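Here are some exercises to work through with the sequence and the model open beside you. Try each task before you read its solution.

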Amino acid sequence: MATVTELKSALKETLEARGVLGQLKARIRAEVFKALDDQSETRPTLSHENLLINELIREYLEFNKYRYTASVLTAESGQPEVPLDRQFMANELNVVEDPSARSVPLLYGLLSHFLSSGGEKGDKLFLRSSAAPASREHSVRPAGEGSRAGGPEQGPVGKNSVEPLVLQGGYR
């Protein structure tokens, strides 16, 4: 006859083999978080950048079926329950997608673009912090597009100063 320890071990192995154990743990964490979350506590207003970043992450999480992680992100960040429209996101990020790129999260296309474009030209991107968290300025710019004196340009980089990023499929 099997001992209780052997039964626990067999049950754990079975649940792990079926991929259920990780889901159960994530679900328990999400439910514990929801139970402990103080709804009376006001959340800080989301900046435009944080709203977009959280949405890119949520789209990635849901695509990969990390639903409980996505639910915790939404609850903890104060992100709207209803996801932002994909076309709105693409417009805000100054991205144009071909039809095959729409089958995967925008984050995959962005990563694919930067991985492939850096290897071809050897160009690096100059990243700078935006002046304020609520700023709508872009903080990514091709390297070498700083001031003539060799340092980074100090003025704001607006949406119209950069060509739209074109995302194509063929990744993942």
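## Exercise 1: Charged pairs in helix H3

Arginine 58 is buried, with a relative accessible area of 2%. Buried here means under 20% relative accessible area, exposed means over 50%, and partly exposed lies in between (1.4 Å probe, protein chains only). Before going on, note that this is a predicted model, in which local features need pLDDT of at least 70 and side-chain atom pairs count only at pLDDT 80 or more, while totals for chains, interfaces and linings use all residues. Residues are numbered from 1 along each chain as its sequence is written, and side-chain values use heavy atoms, with hydrogens and water left out.

Task: find which residue forms a salt bridge with arginine 58.

Solution.
- Step 1. Apply the rule: a salt bridge is a side-chain nitrogen of Lys or Arg within 4 Å of a carboxyl oxygen of Asp or Glu.
- Step 2. The partner is glutamate 55, with the closest N and O atoms 2.7 Å apart.
- Step 3. Glutamate 55 and arginine 58 are three residues apart in helix H3, so about one helical turn separates them. Helices are DSSP runs (H or I, at least four residues), strands are E runs of at least two, and both are numbered from the N terminus.
- Step 4. Glutamate 55 has 4% relative accessibility and therefore counts as buried.

## Exercise 2: A salt-bridge network

Task: work out which residues are linked to Arg86 in a network of salt bridges.

Solution.
- Step 1. Arginine 86 forms a salt bridge with glutamate 59, whose closest N and O atoms are 2.5 Å apart. This pair links distant parts of the chain, with arginine 86 in helix H5 and glutamate 59 in helix H3, 27 residues apart.
- Step 2. Arginine 86 also meets the side chain of glutamate 97 in a salt bridge (2.4 Å, N to O). Here too the pair links distant parts of the chain: glutamate 97 is in strand S1 (residues 95-97), 11 residues from arginine 86 in helix H5.
- Step 3. Glutamate 97 counts as buried because its relative accessibility is 9%.
- Step 4. Put together, Glu59, Arg86 and Glu97 form the network.

## Exercise 3: A glutamine in a loop

Task: decide whether glutamine 79 is buried or exposed, and find what its side chain reaches.

Solution.
- Step 1. Locate glutamine 79 in the loop between helix H4 (67-77) and helix H5 (86-92).
- Step 2. Its relative accessibility is 3%, so glutamine 79 counts as buried.
- Step 3. The side chain of glutamine 79 reaches the backbone oxygen of leucine 51 at 3.0 Å.
- Step 4. Glutamine 79 also has a polar contact of 3.1 Å with the side chain of glutamate 55. A polar contact is a pair of N or O atoms within 3.5 Å; within protein, one must be able to donate a hydrogen and the other to accept it, and residues adjacent in sequence count only if both atoms are side-chain atoms.

## Exercise 4: Confidence

Task: find which elements have the lowest and the highest mean pLDDT.

Solution.
- Step 1. pLDDT is the predictor's confidence in each residue, from 0 to 100. The chain has a mean of 75, and 70% of its residues reach 70 or more.
- Step 2. Strand S3 (residues 140-142) has the lowest mean, 39, and helix H3 (residues 48-63) the highest, 95.
- Step 3. Over residues 131-160 pLDDT stays under 50. Where pLDDT is low, the predicted coordinates should not be read in detail.

Terms used: Contact = heavy atoms within 4.5 Å.
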